[in-house]
Amino acid sequence: MRSDVASLPGSPERPNEDWATVTLPASGCGGTVVLLDGVTPPAGDDGCVHTVPWFTARLGGALTELSASRPDMPLSGVLSLAIRRTADAHRDTCDLSHVRTPQATVVLARWNETSVEHLVLSDSVLLLESPDGAVRAVLDDRLDRVPAEVLRSLAATDRLRNREGGFFTAAADPAVAERAVTGTTPRAEVRALAALTDGASRWVDLFAEGDWTDCFGVLREEGPHGLLHRVRTLEAADERAGGVRRWKRHDDATAACVELPGG
């Protein structure tokens with residue numbers, strides 16, 4: 001198995017709120033990918049004394065341990081327990097009922113000799129490449145269904161955050177794990193996979209430089225760092241041209257790519 005991970009902060013003045021890792025179990029058979037995109041809160045109270053990087057490190061660490069050590073547990077159960085563990089670590093000091101309590105998008109993938117399991121929650125992306133080169137994107141598109149004019153209002157966005165009819169992220173409620181997009185693919189049908197935060201997936205879904213197959217081609221030829229460099233170049237050109245495509249001109253961007261054994 002070969003793996004490569006790269007991450008760039010959206011701004012040198014702010015800490016990177018993304019988190020990613022690729023792990024192998026002690027047996028050497030199978031593995032896991034965990035990728036989180038911490039949700040940057042607007043200025044003001046969020047009920048928590050901790051930072052978003054603290055939250056993503058705690059949640060990411062729990063997801064990594066559980067997804068590797070509990071192969072008997074479905075990924076939705078792994079996410080539920082990891083959220084509970086993370087909430088327990090700060091429920092005595094923080095108001096976890098606050099709508100803006102630290103939260104993150106989630107991509108989980110786990111494979112063994114027979115299957116590849118996946119879980120996606122919110123707007124990070126998982127790409128599965130088949131032996132013939134076809135690429136399937138696993139997406140949770142609920143945030144994309146929210147009109148842009150609604151997302152420009154903090155109050156309106158808060159009313160949809162982790163609510164039916166809105167969108168879901170991993171925050172403090174373990175039950176949100178049941179809202180994730182999950183599935184299983186036969187191992188023989190996956191030769192490689194990649195996980196992208198929305199700061200990296202901009203190459204496709206914001207700047208329209210290619211489709212998901214083209215994106216995987218960039219990852220294979222140039223690695224995750226090459227894809228992130230392309231995104232930053234596009235962002236800089238858009239800024240010089242006076243374009244305003246999103247409320248963040250530059251976002252934390254992370255990509256993880258894994259070539260499975262025999263792929």
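**Exercise 1. Find the residue in E3 that is the bridge partner of Thr-23, then place both strands in their sheet.**

*Step 1.* The bridge partner of Thr-23 in E3 is Thr-32. Helices (H or I, at least four residues) and strands (E, at least two) are DSSP runs, numbered from the N terminus.

*Step 2.* Strand E3 covers residues 31-38 and runs antiparallel to E2, with 6 bridges joining them. Two strands pair if DSSP finds at least two bridges between them.

*Step 3.* Now widen the view: the open sheet has 5 strands in the order E2-E3-E4-E5-E8, with antiparallel pairing. Its edges are strand E2 (18-23) and strand E8 (181-186), each pairing on one side only.

A word on the model before you go on: it is predicted, so local features need pLDDT of at least 70 and side-chain atom pairs count only at pLDDT 80 or more, while totals for chains, interfaces and linings use all residues. Residues are numbered from 1 along each chain as its sequence is written, and side-chain values use heavy atoms, leaving out hydrogens and water.

**Exercise 2. Describe how H1 and H2 pack against each other.**

*Step 1.* Start with the geometry: helix H1 (residues 52-69) and helix H2 (residues 75-88) pack at an angle of about 135 degrees, their axes 9 Å apart. Axes are lines fitted to C-alpha atoms, for helices over the stretch in contact, and angles run from 0 to 180 degrees between N-to-C directions.

*Step 2.* Classify the angle: H1 and H2 are therefore oblique to each other. Under 35 degrees would count as roughly parallel, over 145 as roughly antiparallel, 65 to 115 as roughly perpendicular, and the rest as oblique.

*Step 3.* List the contacts, meaning heavy atoms within 4.5 Å. Among the H1 residues that meet H2 are Trp-54, Phe-55 and Arg-58, and the H2 side includes Val-78, Leu-79 and Arg-85. The residues of this contact divide into 11 nonpolar, 2 polar and 3 charged. Here Ala, Val, Leu, Ile, Met, Phe, Trp, Tyr, Cys and Pro count as nonpolar, Asp, Glu, Lys and Arg as charged, and the others, Gly among them, as polar.

**Exercise 3. In the sheet with the order E1-E10-E9-E6-E7, which are the edge strands, and what is the bridge partner of Leu-126 in E7?**

*Step 1.* This open sheet of 5 strands has antiparallel pairing. The edge strands are strand E1 (2-8) and strand E7 (135-138).

*Step 2.* Strand E6 (residues 125-129) is joined to E7 by 4 bridges, and Leu-126 has Val-138 as its bridge partner in E7.

*Step 3.* Finish with a helix: helix H5 (residues 198-205) packs on the sheet, touching E6, strand E9 (192-196) and strand E10 (253-259).
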